[in-house]
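Let's work through a few short exercises together. Have a look at the picture first, then try each task before reading its solution.

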Amino acid sequence: SLIGQMDRLAHLQKERIDSVKALMTQRKVNRKVRRRVIRYLEYSWSNHGKFINEANLLSELPFSLRVALTAETHKKLFTDVPLFRKTDMEIVIAMVQEMLPMIVQPLEIVIT
């Protein structure tokens, strides 16, 4: 069941965080860095779970529905960013197909 799966994922996440905490304590990592690492892991794992569910859902849909759903979900990006407002729909669809979820820290520079 979905609830059982969510409980298992939450349990795995807690075990992973506990393992990372133990390792950082063993390696005598200072508290400030430990807090930052744990905060980041909790944030990224909570969002990563959403991405995994989205990826699973999308993989089960036919191509046309995948494109429609992804375009609708990211419509705000394409209407709010001036660069994309006048972009041809075929280009937008091609970009939507290549979009991948990514978690980055504030002020992090992303080069792909």
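**Exercise 1. Is D18 buried, exposed or partly exposed, and what is its relative accessible area?**

Keep in mind as you go that this is a predicted model.

Step 1: Look up the value for D18, which is 33%.
Step 2: Compare it with the cut-offs: buried is under 20%, and exposed is over 50%.
Step 3: D18 is therefore partly exposed, with its relative accessible area of 33%.

**Exercise 2. Find the partner of D18 in a salt bridge, and say where the two residues lie.**

Step 1: Follow the side chain of D18 to that of K14, where the two meet in a salt bridge at 2.9 Å, N to O.
Step 2: Place the pair: both D18 and K14 belong to helix 1, 4 residues apart, or about one turn of the helix.
Step 3: Recall the background: side chains of opposite charge can pair when their charged atoms come close.

**Exercise 3. How many salt bridges does a search of the whole structure find?**

Step 1: The search gives 2 salt bridges.
Step 2: Besides the D18 and K14 pair, K76 forms a salt bridge with D80, and their closest N and O atoms are 2.6 Å apart.
Step 3: K76 and D80 sit in helix 4 (residues 75-80), 4 residues apart, about one turn of the helix.
Step 4: Check how open each one is: K76 is exposed at 60% relative accessible area, whereas D80 is partly exposed at 41%.

**Exercise 4. What stands out about the phi of K28?**

Step 1: Locate K28 in the loop between helix 1 (2-26) and helix 2 (31-60).
Step 2: Read its phi, which is near 60 degrees, a positive value in a residue other than glycine.
Step 3: Set that against the general pattern: most residues other than glycine have a negative phi.
Step 4: Add the surface view: K28 counts as exposed because its relative accessibility is 74%, and the cut-off for exposed is over 50%.

**Exercise 5. Which residues make the nonpolar surface patch, and which gather in the patch of positive charge?**

Step 1: For the nonpolar one, pick out M102, V104 and V110, which make a surface patch of about 240 Å².
Step 2: Zoom in on V110, in the segment after helix 6 (89-98); V110 is partly exposed, with a relative accessible area of 41%.
Step 3: For the charged one, find R31, K32, R35, R36 and R39, which gather on the surface as a patch of positive charge.
Step 4: Place one of them, R35, in helix 2.

Note on methods: Residues are numbered from 1 along each chain as its sequence is written. This is a predicted model: local features need pLDDT of at least 70, side-chain atom pairs count only at pLDDT 80 or more; totals for chains, interfaces and linings use all residues. Side-chain values use heavy atoms; hydrogens and water are left out. Buried means under 20% relative accessible area, exposed over 50%, partly exposed in between (1.4 Å probe, protein chains only). A salt bridge is a side-chain nitrogen of Lys or Arg within 4 Å of a carboxyl oxygen of Asp or Glu. Patches are made of residues with over 30% relative accessible area and no salt bridge: like charges are joined within 9 Å, nonpolar side chains (Val, Leu, Ile, Met, Phe, Trp, Tyr) within 5 Å. Accessible areas come from the Shrake-Rupley method with a 1.4 Å probe; for residues, only the protein chains shown count as cover. Lys and Arg count as positive and Asp and Glu as negative; His and the chain ends are not counted. The place of a charge is taken as NZ of Lys, CZ of Arg, CG of Asp or CD of Glu.
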